[in-house]
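Please open the model in your viewer and keep the selection panel at hand. The tour below moves from one selection to the next and says what is to be found at each stop.

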There are 2 protein chains.
Amino acid sequence: MKNAPAREVPQPTIRRLPTYLHYLRDRAASGQAVVSTSAIAQHLGLEATQVRKDLGYTGVAGKPRVGYPLPLLIDAIEALLGWQRLSRACLVGVGHLGTSLLGYERFSHYGLHIVAAFDRDPRQHGRPCSGRTVWPMDRFAQIVRRDDIHIGIVTVPADAAQAVADLMVAAGIAAIWNFAPVTLRLPPGIIVQNEDLYASLALLSQRLVAHVTLQAQDDPHAPHPERGR
Amino acid sequence: MKNAPAREVPQPTIRRLPTYLHYLRDRAASGQAVVSTSAIAQHLGLEATQVRKDLGYTGVAGKPRVGYPLPLLIDAIEALLGWQRLSRACLVGVGHLGTSLLGYERFSHYGLHIVAAFDRDPRQHGRPCSGRTVWPMDRFAQIVRRDDIHIGIVTVPADAAQAVADLMVAAGIAAIWNFAPVTLRLPPGIIVQNEDLYASLALLSQRLVAHVTLQAQDDPHAPHPERGR
DNA sequence: TAGATTGTTAATCGATTAACAATC
DNA sequence: TAGATTGTTAATCGATTAACAATC
């Protein structure tokens, strides 16, 4: 039996898959049975060719003049992302950001189940947060093993993030979703996904400068855009 | 006088600039005067060539055998991103996520100054949140104009996001930083930066599946990685 | 001078887009 | 059949990486 060629899915495609999934589920919920790439493309502001190429990675066959079967497509995307079973995760740092993530019920539709929360602050301990008890840090390794947790979410301040990450690695966590603005030093083999707010802010800012500069060129006598209306 | 050729900075470069800035500021704070691309590259896990190409967009000249002058480089990156003056922003939706962002003091080093916060819930009104008063929505347009606000941050639930965005556009906001998991419909010319948590989660999940699949291939008799151990 | 480092040009790599044949 | 839509192959575009000359 030959191994499947493990066709490599490009990163940009992976990033688009959740958006497809959201749209496809919406269509399926409203009773539709098939969907065409042009419909998807139009709704999401993409090129139909790109959608077709992306959907090609699922291996689901579409019918010319009909489209793709919605249930198969949804299943295949979920399979590709490993979202058919929820991955068990824990969250460390029950500040505002952590609490906010604990409240995201939507995660359960996107493969993630946060089963435990931890915090350094004793005032948080025992208090349930969105239905989950907040544990002290010294229970970390035990609970991670007991509850079969594979993903760690870091929502502590920057200066505590590396120590938390080390703890996660020691406890056998396979992947870390890092919301702290630091580059974590991790042993090879540990998966890390950084949520870099500042990269995102940089893109916004830069487009804003470019925009303002352009306006100033259009009308050099206009009031400075950084000031008045 | 010829217009500057407005050399287009690639998006991936823009995304890396804040990380450079963070490192350069740290070096400058510890008294260093120059920095080499190899030092930057090693510290951030990048290729030196890439760093050199990125820094090329700043227009700052480095000296062979010496490196780049830190103060000039920092200024130039800030200029490129429009971070020499803080952009004035408002935030709508003072839930946990919104409160968390209001608490990010670091934003003031990354070009952003959140000067006002708004919420639909009357229980939030008047209450100061990280030093800012929370205003009711009906004051929105007035305060945006009064305080010369150009950026709107959307931290409301998905179903309220489009209405908030419409309000922002009507009030004359130029750019929207959207944390709600929806694609906003906006008139052309409005800058929008989506913070897509689910794209990020998809990347993490997919690497986790790939990882698990690989392990299973290595040792087909091992207990299923989603379960035991 | 010798050699490390810059900065530019060329090669490679990967993703998007275009073109078009296959097919229902 | 005619025509819309799939699915694949080729062309384009853009970013990264490699090579190397310039320079302090």
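Which oxygen of DNA strand D is 2.8 Å from an N or O atom in the side chain of A:R65? It is a sugar or linking oxygen of DNA strand D that lies at this distance from the side chain of A:R65, and, as with every distance on this tour, the value comes from a predicted model.

**DNA strand D**

Keep DNA strand D on display and select the residues around it, of which there are 21, with A:T37, A:R52, A:G62, A:R65 and A:Y68 coming nearest. Of the atoms of DNA strand D that come within 4 Å of the protein, sugar and phosphate account for 59%.

Now pick A:T37, where an N or O atom of the side chain is 2.7 Å from a phosphate oxygen of DNA strand D. Then move to the other chain and select B:Q50, which has a polar side-chain atom 3.1 Å from a sugar or linking oxygen of DNA strand D. If you colour by element, those that give two or more residues to the surface near DNA strand D are α3 of chain A together with α1 (11-29) and α3 of chain B. The largest share of this surface, three residues, is provided by α3(B). Colouring the surface near DNA strand D by residue class instead should give six nonpolar, six polar and nine charged residues.

**DNA strand C**

Next, select DNA strand C, which is surrounded by 21 residues, the closest being B:T37, B:R52, B:G62, B:R65 and B:Y68. Here sugar and phosphate make up 57% of the strand C atoms that come within 4 Å of the protein.

Three side chains deserve a stop of their own. An N or O atom in the side chain of B:T37 is 2.7 Å from a phosphate oxygen of DNA strand C, and one in the side chain of B:R65 is 2.9 Å from a sugar or linking oxygen of DNA strand C. For a contact with a base, select A:K53, whose side chain has an N or O atom 3.5 Å from a base oxygen of DNA strand C. Two or more residues of the surface near DNA strand C come from each of α1 (11-29) and α3 (48-56) of chain A and α3 (48-56) of chain B. Of these surface residues, the largest share, three, belongs to α3(A), and by class the surface has six nonpolar, six polar and nine charged residues.

**The nonpolar cores**

Hide the DNA and turn to the largest nonpolar core, which has 98 residues and in which A:L24, A:I153, B:L24 and B:I153 have the most contacts. A second core lies apart from it and has 22 residues, including B:V115, B:V156, B:A171 and B:L184. Centre on B:L24 and, leaving aside neighbours within four places in sequence, you will find it in contact with B:V35, B:I40, B:L70, B:L73, B:I74 and B:I77.

**Chain A as a whole**

Finally, show chain A alone as a cartoon and follow its eight helices and nine strands. The radius of gyration of chain A is 22 Å, well over the 17 Å that the globule rule gives for 229 residues, so the chain is more spread out than a compact globule. Along the principal axes, the C-alpha atoms of chain A fill a box of roughly 70 × 55 × 35 Å. Buried residues make up 44% of the 229 residues in this chain, and, of the contacts in chain A between residues at least 6 apart in sequence, 55% join residues at least 24 apart.

Terms used:
Residues numbered from 1 in each chain as written. Chains lettered and ligands numbered in written order. Predicted model: local features only at pLDDT ≥ 70, side-chain atom pairs only at ≥ 80, totals over all residues. Heavy atoms only, no water. Core = buried A, V, L, I, M, F, W, Y, C linked by side-chain atoms within 4.5 Å. Buried < 20%, exposed > 50% of the residue type's maximum accessible area, 1.4 Å probe, protein only. Contact = heavy atoms within 4.5 Å. Near = heavy atom within 4 Å. Polar contact = N/O pair within 3.5 Å; in protein donor to acceptor, adjacent residues only side chain to side chain. Helix = DSSP H or I, 4+ residues; strand = E, 2+ residues; numbered from the N terminus. Nonpolar A, V, L, I, M, F, W, Y, C, P; charged D, E, K, R; others polar. Rg over C-alpha atoms; globule rule 2.2 N^0.38 Å.
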